[in-house]
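Colleague: I should like to learn how helix packing and sheet order are read from a model. Might we take one case and work through it?

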Amino acid sequence: MENHEMIKNRADKEREEGMGNFAKKRLIHGGDYNPEQWLDSPEILEQDILLFKKAKVNEVSLGIFSWSMLEPEEGKFDFGWLEDIINRLQDNDIDVILSTPSGARPKWLSDKYPEVLRVEADRRRNLFGGRHNHCYTSPVYREKVGIINRKLAERFGSRPGVLGWHISNELGGDCHCDLCQSAFRGWLKQRYGTIEELNRAWATTFWSHRYQSFEQIESPSPIGERDLHGLKLDWRRFVTDRTVDFVRAEVQAIRDGGSVLPITTNMMYFYGGLNYHKFAEVLDTASWDNYPLWHKGPEPETAAEVGVYYDIIRGICRKPFLLMESCPSSTNWQSVSKLKKPGMLLAASLQAVAHGSDSVQYFQMRQSRGANEKFHGAVIDHYGGEDTRVFREVSQVGEALEQLSELAGSQVKARVAVIYDWENRWAMEDAQGPRNKGLYYQETVTKLHRSFRRLGLNVDLPDMEQELDQYSVVAVPMGYMFRRGLGEKLKNYVEQGGHLILTYWSGIVDDTDLCYLGGTPHGLMEVCGLRSTEIDGLYDWESNSGIAVSGNSLGMSGEYQCRHLCDLVELKGAEAVLTYGSDFYAGKPALTEHRYGDGIAYYVCADFEEAFYADLCRRVALSAGIELLWQDLPEGVEVSTRENAHGEYLFIQNFNPSVVAWNEIQNQWQQIYGEVSEELPGFGTKVYRRR
Ligand code: GAL
Ligand code: ZN
């Protein structure tokens, strides 16, 4: 298995050489297409290709959920229909991303081998139905998937026009069957060696939950063990490892079939169940399915939230990613199926590209006629023609991507990192700590991310394992769990001149959720010049404030509101920049600054409003020597850059529905996309290039 260093080296090498990218010659425009649902209507399939051409669709993803049509009976394969459609697409210069069919299995498979069906946490085995309803451990399931993957790879895996592999579809969930239980025990044995060590790491003496052997361990369950944090955390890690291992087995079968094409799997919108960073071990490129609730609230808010996720996904393989799915109009599974207003599709699609996507892909190309997703938006709907609003807007996206074609493979470089870590999130959610009704981790990450983005800066969101040397500023919001010696890494980072923003509720526990002894933030008390002594949870209706200390070194002024959590710190060298405005800790530090080695550590004591982060991030960025081209971006306007051998590309996007005044920018930038005018139209995008 590759360790972190090896993954990093491989990623660096591939990035330099543009290897492992799906988009070789152009940005990809297409999406999920299921021609197998239309084999009895060849005229529709022909019509589809004509319409794809008109909408400048240059790719379709095939084979997603197609198993029962590819292997209608065990061992009897029918790839003829797939061959036909791939040939016709190729004749029309439409590329293919080929999926492995493991996202849903045929009936014969679960009838003959019931072990492939998933067992839920309450220990009940599911019946056939739905999708993602299978055990990732089952040898039979792995074997059957392996056989069909290899055959698909042998037949299609070296074709010109096949860009790469889409493994399964939105892997997720867990299985509690006997096979998984025993795999879990094996995993724990490897991790801890002895049962004594596991008992220590999980603190099982508490409530007399000690184990005498690994054989006694069972996965967490609503009818059994549900309070042992170490067990729950390790179960989630195991589920991630199991899923990654399942992907690894799928990939192996493809390689055994002789295909060397790049590999991806599509990750789910805001999904918390898997640590996606771990998938870097088995993927060439990360891809993401984006289904935001546009028009539920103000569009700039939605855009800012989505931006966080794009930047997380880009960081997984640390190179251009794919927007594997998005909806051309409305979904049919959200509580309200809201249409995208005119222009929204284009803006949302180009946002993906601005953040480093090499594709804009949809679910789905043609709306299915029956079953669960018949009313889900599609490029071609039941009407079947091109004279629809959605089709016209999809065509506009196609035109834009064609104009921006040279961006394929270009990189996003960032000097700022905000650490986002799934395992930290899991541990914190479970912790039974200062505020069980909501800690607002995600929101705090978003506030920091957005505050840097509003300065026109690209932002990376690495996890705790990634290297930090390339960043001028690193923010660690709520780093509750200091995994893998994060404290040590941050200490070196500051010592060598880095600017660190650390917040309350950081450095509290180790990798197995055991509390650090001897004071917190663990390993960084000296660096931050303080010790956290107590933390106050606030009711929803309570608030406090941070008031600027006059003459503070950061030049902050005024008062900022804070809520939810207030950390009380004792200074040991740090200087207070803000102090609390009320309660028994009025006058105590609320934001501090401390020089350490060649760098500076800032400690944010409370959950402050965004205006605070906006000010703090600007001052810290300037103090770290980052040149800010945009100190005053209008609300709702986003700036992003990508670069490649041709030069640097600048995206200016207006997520407001209304026009925003916009001064054309310096002449070294040449506009290559969008209206040339002294304004940014509602949902408008301009792209510039600088050589
Ligand atoms: C995705 C899934 C697709 C389709 C889509 C509908 O999560 O991968 O297959 O179901 O949602 O929005
Ligand atoms: Zn299982």
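Modeller: Let us begin with burial, bearing in mind that this is a predicted model. In helix α11, the buried residues are M344, L345, L346, A347, A348, S349, L350, Q351, A352, V353 and A354. The helix is thus described as mostly covered, with 11 of its 11 residues buried.

Colleague: What phi does G356 take, just after α11?

Modeller: G356 takes a positive phi of about 115° there.

Colleague: How is the packing of two helices described?

Modeller: In general, one gives the angle between the two axes and the distance between those axes. Here, helix α10 (residues 299-317) packs with helix α11 (residues 344-354) at an angle of about 30°, and their axes are 10 Å apart. Because angles under 35 degrees count as roughly parallel, α10 is roughly parallel to α11. The crossing of α10 past α11 is right-handed.

Colleague: Which residues make the contact between α10 and α11?

Modeller: From α10 come E299, A303, V306, G307 and Y310, and from α11 come M344, A348, Q351 and A352. By class, the contact residues comprise 6 nonpolar, 2 polar and 1 charged. As a general idea, residues three or four places apart point the same way, because an α-helix has 3.6 residues a turn.

Colleague: What is the order of the strands in the open sheet?

Modeller: The 4 strands run in the order β2-β3-β4-β5, with parallel pairing. β2 (59-62) and β5 (263-264) each have a single partner strand, so one side of each lacks a neighbour in the sheet. β2 pairs with strand β3 (residues 95-99) in the parallel sense over 4 bridges, and E59 has D95 of β3 as its bridge partner.

Notes: Residues are numbered from 1 along each chain as its sequence is written. Chains are lettered from A and ligands numbered from 1 in the order in which they are written. This is a predicted model: local features need pLDDT of at least 70, side-chain atom pairs count only at pLDDT 80 or more; totals for chains, interfaces and linings use all residues. Side-chain values use heavy atoms; hydrogens and water are left out. Axes are lines fitted to C-alpha atoms, for helices over the stretch in contact, and angles run from 0 to 180 degrees between N-to-C directions. Helices (H or I, at least four residues) and strands (E, at least two) are DSSP runs, numbered from the N terminus. Angles under 35 degrees count as roughly parallel, over 145 as roughly antiparallel, 65 to 115 as roughly perpendicular and the rest as oblique. A crossing is left-handed if the near helix is turned anticlockwise from the far one by less than a right angle, and right-handed if clockwise. Contact means heavy atoms within 4.5 Å. Ala, Val, Leu, Ile, Met, Phe, Trp, Tyr, Cys and Pro count as nonpolar, Asp, Glu, Lys and Arg as charged, and the others, Gly among them, as polar. Two strands pair if DSSP finds at least two bridges between them. Buried means under 20% relative accessible area, exposed over 50%, partly exposed in between (1.4 Å probe, protein chains only).
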